[in-house]
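This report is written for a reader who is beginning to study protein structure. Please keep the sequence and the model in view while reading.

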Amino acid sequence: MMKENKSVFWFATGSQDLYGEACLAEVASHSSEMVSGMNASGILPFEIVFKAVLIDAESINRLFSDADKDPCCAGVITWMHTFSPAKMWICGLRNFRKPLMHLHTQFNSALPFSTIDMDFMNTNQSAHGDREFAHLLTRLNIPRKTVAGHWRNAGVLRRIAGWMRTAAGINESRQVRIARFGDNMRDVAVTEGDKVAAEIAFGWKVDAYSAEDLAKYVDAVSSADSAALTEEYYRLYSVNAAGRSPEEFRRHVEVQASIELGLRRFLEERGYNAVVTNFQTLSGLKQLPGLAIQRLMADGYGFGAEGDWKTAAMVRIMKVMAKTVPNPRGTSFFEDYTYHFDDAGSGAILQAHMLEVCPSVAASRPEIRVEFLSMGEREDPARLVFTSKPGRGVACSLVDLGARFRLIVNDVECLPQENPMPRLPVASALWRPFPDLERGAEAWLTAGGAHHTAFSYDLDAGQLGDWADAMGVECVFIDADTDLRTFRNELRWNEAAFSR
Ligand code: MN
């Protein structure tokens with residue numbers, strides 16, 4: 001299993017020494033009460049820890065430096081209760097490398113109309129102090145998330161919760177370690193990319209191995225272990241051995257069990273959390289990894305097919321972001337395969353892959369099948385077959401434009417799969433991109449998006465945009481509001497804004 005760590009977010013309140021001890025004590029007490037209240041809301045996926053009221057450059061520098069060094073600190077939430085002259089924040093903020101939220105709130109909700117006086121206004125002046133602070137953040141060009149609203153408001157708390165998950169993805173980006181078995185699929189452009197540029201921009205480590213390195217691990221798996229894991233498969237999933245003898249079927253499934261066990265050992269020993277395969281370079285593997293990859297994805301590993309390490313990294317990051325969502329609906333690698341055109345404006349894209357769709361998105365119990373596959377020129381691989389849950393989700397594609405990266409994010413609606421596809425031997429989703437199939441596809445193609453995507457039901461486009469902001473890369477959104485003319489212009493403007 002993947003490693004877990006208990007992250008917390010630090011809360012720092014800005015003030016200054018002009019107001020006297022009594023005021024600063026009140027600021028601290030309010031901050032403490034607010035943090036306790038937010039933690040008690042049950043909405044936040046991580047705990048907030050109130051650290052300090054900061055009133056000078058020294059305490060500010062120390063707090064951000066400590067936050068940077070503490071492995072349990074996932075990010076800092078700042079709020080100016082009073083006015084806090086922002087020059088004293090410059091050094092601390094410039095050296096800070098973790099996710100930053102500017103929570104623009106205040107202790108009281110309503111104005112105390114009948115009692116308000118100058119003392120109250122001086123103590124409770126976030127509307128004033130947070131503008132000074134935000135001006136500096138903008139001037140320093142520091143990526144941060146700004147959330148405005150009262151701290152008890154459920155909508156505000158949900159936005160903080162969403163950002164906390166994004167922050168987990170921002171932090172995870174530096175931890176992404178991808179093992180590639182084989183190189184990019186021959187001649188394919190969109191899955192290629194500059195791995196040095198990716199390590200600089202995102203922190204990803206992308207290492208190549210030969211499939212033979214993996215085959216050795218798979219061969220070392222004992223038949224007892226692969227038989228035991230196959231038993232587990234048979235308990236967890238339906239078995240559809242149609243047209244095959246049960247013994248022959250099971251032998252094929254056992255090959256995937258041994259690939260799963262060999263892959264897991266390989267990745268665990270070397271500390272990888274994402275994996276990439278290529279059907280053209282399978283070497284000594286008896287089958288294209290199918291069921292094995294599906295199981296690893298369900299366990300939180302990133303995956304990309306045909307050498308696609310960029311999508312593998314995005315799947316891994318989105319799985320980490322979605323991990324703390326209550327009752328998660330699923331996150332997977334997908335591929336745009338074939339269209340359902342419809343004159344009524346309700347066309348859709350059939351999403352699938354040769355084998356590798358994550359069972360976390362399955363609408364019902366997946367079925368194990370063993371079917372012919374021409375790609376890879378190996379024996380018929382076992383795979384999990386299912387259709388995906390209906391509902392809203394978000395799909396993204398990270399492309400390398402040569403000089404820089406672009407993240408393309410599309411809101412999609414997964415449709416109930418009412419028409420059975422009995423002859424399709426792979427897992428699938430049927431989704432309608434927003435604003436509709438035609439305009440969604442036109443925008444996606446104009447932006448240069450890939451046929452591979454990282455998809456999740458449990459995240460929204462804004463979270464992926466915030467992640468891209470933190471990475472300093474372009475992000476474009478295709479959604480209900482997309483207008484093609486504006487979208488084309490946005491791409492042109494971004495060309496200038498993001499050129500390096
Ligand atoms: Mn593919």
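The sections below describe a metal site, two helix pairs, several buried residues and some unusual backbone features.

## Basis of the report

The structure is a predicted model. Every value given here was computed from that model.

## The manganese site

Which residues donate atoms to the manganese ion? The protein donors are Glu306 and Glu335, each through OE, together with His353 and His452, each through NE2. These donors lie 2.0 to 2.2 Å from the ion. Along the sequence, the spacing of the donor residues follows the pattern E-x28-E-x17-H-x98-H. Glu335 and His353 form a pair that links distant parts of the chain, the two residues being 18 residues apart. Glu335 belongs to strand E11 (residues 331-340), whereas His353 is in the loop between strand E12 (348-352) and strand E13 (367-370).

Are these donors buried or exposed? A residue counts as buried when its relative accessible area is under 20%. Glu335 has a relative accessibility of 9% and therefore counts as buried. His353, at 2%, is also buried. Glu306 has a relative accessible area of 7%, so this donor is buried. Glu306 is placed in the loop between strand E10 (302-304) and helix H12 (309-322).

## Helices H6 and H14

Two packed helices are described by the angle between their axes and the distance between the axes. Helix H6 (residues 154-173) packs against helix H14 (residues 461-471) at an angle of about 40°, and their axes are 9 Å apart. Because of this angle, H6 is oblique to H14. The crossing of the two helices is right-handed.

Which residues meet where H6 packs on H14? From H6 come Gly162, Arg165, Thr166, Gly169, Ile170 and Ser173. Their partners in H14 are Gln463, Asp466, Trp467, Ala470 and Met471. Sorted by class, the contact of H6 with H14 consists of 4 nonpolar, 5 polar and 2 charged residues.

## Helices H8 and H10

A second pair is made by helix H8 (residues 211-219) and helix H10 (residues 246-270). Their axes come within 8 Å and cross at roughly 115°. The crossing of H8 and H10 is right-handed.

On the H8 side, the residues in contact are Asp213, Leu214, Tyr217 and Val218. They meet Ser258, Ile259, Gly262, Leu263, Arg265, Phe266, Glu269 and Arg270 in H10. By class, this contact of H8 with H10 has 6 nonpolar, 2 polar and 4 charged residues.

## Buried residues and their contacts

Trp10 is part of strand E1 (residues 8-14). With a relative accessibility of 6%, Trp10 counts as buried. Leaving aside neighbours within four places in sequence, Trp10 is in contact with several residues, including Val49, Lys51, Leu63, Cys73 and Ile77. Leu263, one of the H10 residues that meet H8, is 253 residues from Trp10 along the chain, and the C-alpha atoms of Trp10 and Leu263 are separated by 37 Å.

His81 lies in the loop between strand E3 (73-80) and helix H3 (90-95). At 0% relative accessibility, His81 counts as buried. Residues up to four places away in sequence are not counted among the contacts of His81, which include Thr13, Gly14, His30, Phe107 and Thr123. Thr123 is located in helix H4 (residues 118-123) and is buried, with a relative accessible area of 10%. With the same exclusion of residues up to four places away, Thr123 touches Cys23, Glu26, His81 and Thr82.

## Unusual backbone features

Most residues other than glycine have a negative phi, and most peptide bonds are trans. Where does the backbone have a positive phi at a residue that is not a glycine? Ser283 has a positive phi of about 50°, and the metal donor Glu306 has a positive phi of about 55°. Ser283 is found in the loop between strand E9 (274-276) and helix H11 (291-298). Ser283 is partly exposed, with a relative accessible area of 35%, whereas Glu306 is buried at 7%.

The peptide bond from Phe434 to Pro435 is cis, and its omega is near 5°. Pro435 is in the loop between strand E17 (429-433) and helix H13 (437-447).

Note on methods. Residues are numbered from 1 along each chain as its sequence is written. This is a predicted model: local features need pLDDT of at least 70, side-chain atom pairs count only at pLDDT 80 or more; totals for chains, interfaces and linings use all residues. Side-chain values use heavy atoms; hydrogens and water are left out. Axes are lines fitted to C-alpha atoms, for helices over the stretch in contact, and angles run from 0 to 180 degrees between N-to-C directions. Helices (H or I, at least four residues) and strands (E, at least two) are DSSP runs, numbered from the N terminus. Angles under 35 degrees count as roughly parallel, over 145 as roughly antiparallel, 65 to 115 as roughly perpendicular and the rest as oblique. A crossing is left-handed if the near helix is turned anticlockwise from the far one by less than a right angle, and right-handed if clockwise. Contact means heavy atoms within 4.5 Å. Ala, Val, Leu, Ile, Met, Phe, Trp, Tyr, Cys and Pro count as nonpolar, Asp, Glu, Lys and Arg as charged, and the others, Gly among them, as polar. Donors are N, O and S atoms within 2.8 Å of the metal (3.2 Å for Na, K and Ca); water is not among the atoms, so sites may look incomplete. Buried means under 20% relative accessible area, exposed over 50%, partly exposed in between (1.4 Å probe, protein chains only).
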